[in-house]
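Here is a short, friendly briefing to read alongside the structure. Have the viewer open and follow the topics one by one.

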Amino acid sequence: MADKKQSSTCPLCTAKSTIFFEDEKHLFYKCRECHGVFRSEDQRLSETDELGRYLLHENPEFDQGYYQFILPVIEEVRSFAAKGSKGLDYGCGQHQVLMKYLAEDGYKMFGYDPLFLDDKELLNQQYDFIVSCEVIEHFFYPYREFQGLKNILAPQGKLICKTDVYDSKTDFESWYYKNDPTHVFIYMEETFEWIRKNLDFKDVKVDGRVINFSK
Ligand SMILES: [Zn+2]
């Protein structure tokens with residue numbers, strides 16, 4: 001990477017950011033303004049390579065391990081959403097497993113995925129809640145994405161995300177989460193606070209890997 005840039009513009013808040021981590025495979029910048037850690041633009045995969053990668057780690061339907069993986073999101077939804085309320089699974093993937101479980105729970109569910117279920121009409125409706133499980137770390141344009149999601153939330157609606165949150169106690173070099181080439185934007189707790197403030201959400205709660213934004 002002889003031609004690597006020493007600084008890059010943060011795709012969330014547009015602040016100028018400097019190199020945070022690099023090895024032979026990875027180049028990440030860290031933003032001082034929103035505390036986001038983002039992969040160098042040249043390392044983004046093409047849509048075809050990205051798709052190949054997702055098909056590779058797509059989990060078999062109704063597998064017990066996968067259920068445990070999405071359970072924190074299901075439990076978060078159960079904690080506030082009345083049965084029959086309308087939900088969107090944003091980035092539902094090929095098998096829409098989370099969406100199916102929530103539908104079984106009595107929620108009126110819809111699923112959108114830019115690669116597998118690209119029905120843009122669903123992005124013109126309003127939802128009582130949106131779930132986005134292991135999706136936001138794939139956002140090339142996080143500001144635009146969060147803004148879009150907020151716009152389709154009903155008043156008092158909630159956006160529930162799950163991602164692995166980076167903190168300064170974690171050794172980035174040995175951290176598995178950065179190794180996935182489709183992980184392009186990594187969040188710290190402060191990043192969610194930046195989003196809350198700048199996109200005007202009423203509140204945000206971070207509980208482990210589950211993030212709950214209130215409109
Ligand atoms: Zn930033």
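**The zinc site and a helix pair**

The four donor atoms around the zinc ion subtend angles of 94 to 119°, and because of these angles the arrangement is tetrahedral. Please keep in mind that this is a predicted model. Beyond the metal site, the notes below look at how helices α2 and α3 pack at an angle of about 50°.

**Zinc site**
- The zinc ion takes its protein donors from the SG atoms of C10, C13, C31 and C34, which lie 2.3 Å from the ion.
- Along the sequence, the donor residues follow the spacing C-x2-C-x17-C-x2-C.
- C10 and C13 are both buried.
- As a yardstick, the ideal angle for four tetrahedral donors is 109.5 degrees.

**How α2 and α3 pack**
- Helix α2 covers residues 64-80 and helix α3 covers residues 97-104, with their axes 10 Å apart.
- The angle of about 50° between them falls outside the ranges for parallel, antiparallel and perpendicular pairs, so α2 and α3 are oblique to each other.
- Their crossing is right-handed.
- On the α2 side, Y66, Y67, I70, V73, I74 and V77 make the contacts, and they meet V97, L98, Y101 and L102 of α3.

**Around α3**
- Buried residues in α3 are V97, L98, M99, Y101 and L102.
- Their cover includes α2 together with the strands β5 (86-90), β6 (108-112) and β7 (127-133).
- Just after α3 comes G106, which has a positive phi of about 105°.

Terms used: Residues are numbered from 1 along each chain as its sequence is written. This is a predicted model: local features need pLDDT of at least 70, side-chain atom pairs count only at pLDDT 80 or more; totals for chains, interfaces and linings use all residues. Side-chain values use heavy atoms; hydrogens and water are left out. Donors are N, O and S atoms within 2.8 Å of the metal (3.2 Å for Na, K and Ca); water is not among the atoms, so sites may look incomplete. Four donors count as tetrahedral if all angles lie between 85 and 135 degrees; four count as square planar and six as octahedral if opposite donors are over 155 degrees apart and all others between 65 and 115; anything else is irregular. Buried means under 20% relative accessible area, exposed over 50%, partly exposed in between (1.4 Å probe, protein chains only). Axes are lines fitted to C-alpha atoms, for helices over the stretch in contact, and angles run from 0 to 180 degrees between N-to-C directions. Helices (H or I, at least four residues) and strands (E, at least two) are DSSP runs, numbered from the N terminus. Angles under 35 degrees count as roughly parallel, over 145 as roughly antiparallel, 65 to 115 as roughly perpendicular and the rest as oblique. A crossing is left-handed if the near helix is turned anticlockwise from the far one by less than a right angle, and right-handed if clockwise. Contact means heavy atoms within 4.5 Å.
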